[in-house]
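Biologist: I'd like a close look at a single part of this one, please. Take me through it slowly, and then place it in the whole.

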Amino acid sequence: MKIKALIIDDEPNNIENLQLIIDKYSADVFIAGTADNAEAGAKLIREHEPDLVFLDIQMPEKSGFDLLSALPGVNFEVIFITAYDKYGIQAIKFSALDYLLKPINIEEFKLAIEKAKQRIQLSKQSRNIDNLLEYLKVGQKGSPKIALPTLKETMYVRISDVIRCEATNNYTTFHLQNQEQVLVCKTLKDFADLLKPHDFIRTHQSHLVNPQYVKSYLKEDGGTLLLENLQKVPISRQNRETVKASLSGPGS
């Protein structure tokens, strides 16, 4: 399967370097055009209707996110290319999208390309892009939706509907307000990092809790959280003081 791709990046050296990497490591991807700013990139997208866009986040005047927001629809895959951008990467991860840090790591490039090929065949990317744009609009302190990739589908769940997350080997079980449980193909550590800006508390190696559902702190067993649904979540010794501080801090 031949994949028609575009590169949108404000730095000519980055475009040239990415083209060399694509030519060497992904023969079934061909570059139909390049652009060095968001407006030219949007025009290129309309002209070529690509399968895949390599998109720089940080560009002068308008960012890669601005470009996507301005399009009437996104019916192509996106692999973001970026220097380290904490908030941008947080938003991308939240929506189960792929990104490559500059300078590009070849193994990460190969993995991102393979995942993009699979999604092109399944046509799932558009919903993830929609989720990304909502996250950018709502912001970290709102209640955006988080993409939860399961074995059968990707679910989109509002942060405010997540009661807690529990480690299950290399998977994570999300416990939702409607009593549904969602098994996700990622580790709890992945979600602890993503949900930290939303004030989720790591009580234990195997438990992550949304503080809005905490009913009380029990002293039994060295420390336990009683939730609004009357479930109890253990607190490890090393996390005890952090949990107390989080619950007694501003906004709790």
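Which residue in β10 does T173 stand opposite?

Modeller: Opposite T173 you'll find L183 of β10. Keep in mind that this is a predicted model. The two strands involved are β9, residues 171-176, and β10, and they run antiparallel to each other with four bridges between them. In general, strands of a sheet pair through backbone hydrogen bonds, in either a parallel or an antiparallel way.

Now zoom out a little. β9 and β10 belong to an open sheet of five strands, in the order β10-β9-β8-β12-β11, and the pairing is antiparallel. At the edges stand β10 (181-184) and β11 (201-204); each has a single partner strand, so one side of each has no neighbour in the sheet. Going from one strand to the next, the twist averages 20°. Helix α7, residues 188-195, packs on this sheet, and it touches β8 (162-168), β9, β10, β11 and β12 (207-209). If you compare directions, α7 makes about 25° with β12.

While you have the model open, have a look at the aromatic rings too. A search of the whole structure turns up four aromatic pairs, and two of them go like this. The ring centres of F65 and F80 are 5.6 Å apart with the planes at 65°; that angle is over 60, so this pair counts as edge-to-face. F65 sits in helix α3 (residues 64-70) and F80 in strand β4 (residues 77-82), so to speak a link between distant parts of the chain, 15 residues apart. Both F65 and F80 are buried.

For F94 and Y135, the centres lie 4.5 Å apart and the planes make 40°, so this pair is tilted. Here, too, distant parts of the chain are linked: F94 belongs to helix α4 (residues 86-94) and Y135 to helix α6 (residues 125-138), with their positions 41 residues apart. F94 and Y135 are both buried.

As for the whole protein, the secondary structure comes to eight helices and 15 strands. The C-alpha trace spans about 65 × 35 × 30 Å along its principal axes. Of the 252 residues, 46% are buried. Looking at contacts between residues at least 6 apart in sequence, 56% join residues at least 24 apart. The accessible surface is about 13,300 Å², and carbon and sulfur atoms account for 47% of that.

Conventions:
Residues are numbered from 1 along each chain as its sequence is written. This is a predicted model: local features need pLDDT of at least 70, side-chain atom pairs count only at pLDDT 80 or more; totals for chains, interfaces and linings use all residues. Side-chain values use heavy atoms; hydrogens and water are left out. Two strands pair if DSSP finds at least two bridges between them. Axes are lines fitted to C-alpha atoms, for helices over the stretch in contact, and angles run from 0 to 180 degrees between N-to-C directions. Contact means heavy atoms within 4.5 Å. Rings of Phe, Tyr and Trp (its six-membered ring) pair if their centres lie within 6.5 Å; planes under 30 degrees apart count as stacked, over 60 as edge-to-face and the rest as tilted. Buried means under 20% relative accessible area, exposed over 50%, partly exposed in between (1.4 Å probe, protein chains only). Accessible areas come from the Shrake-Rupley method with a 1.4 Å probe; for residues, only the protein chains shown count as cover.
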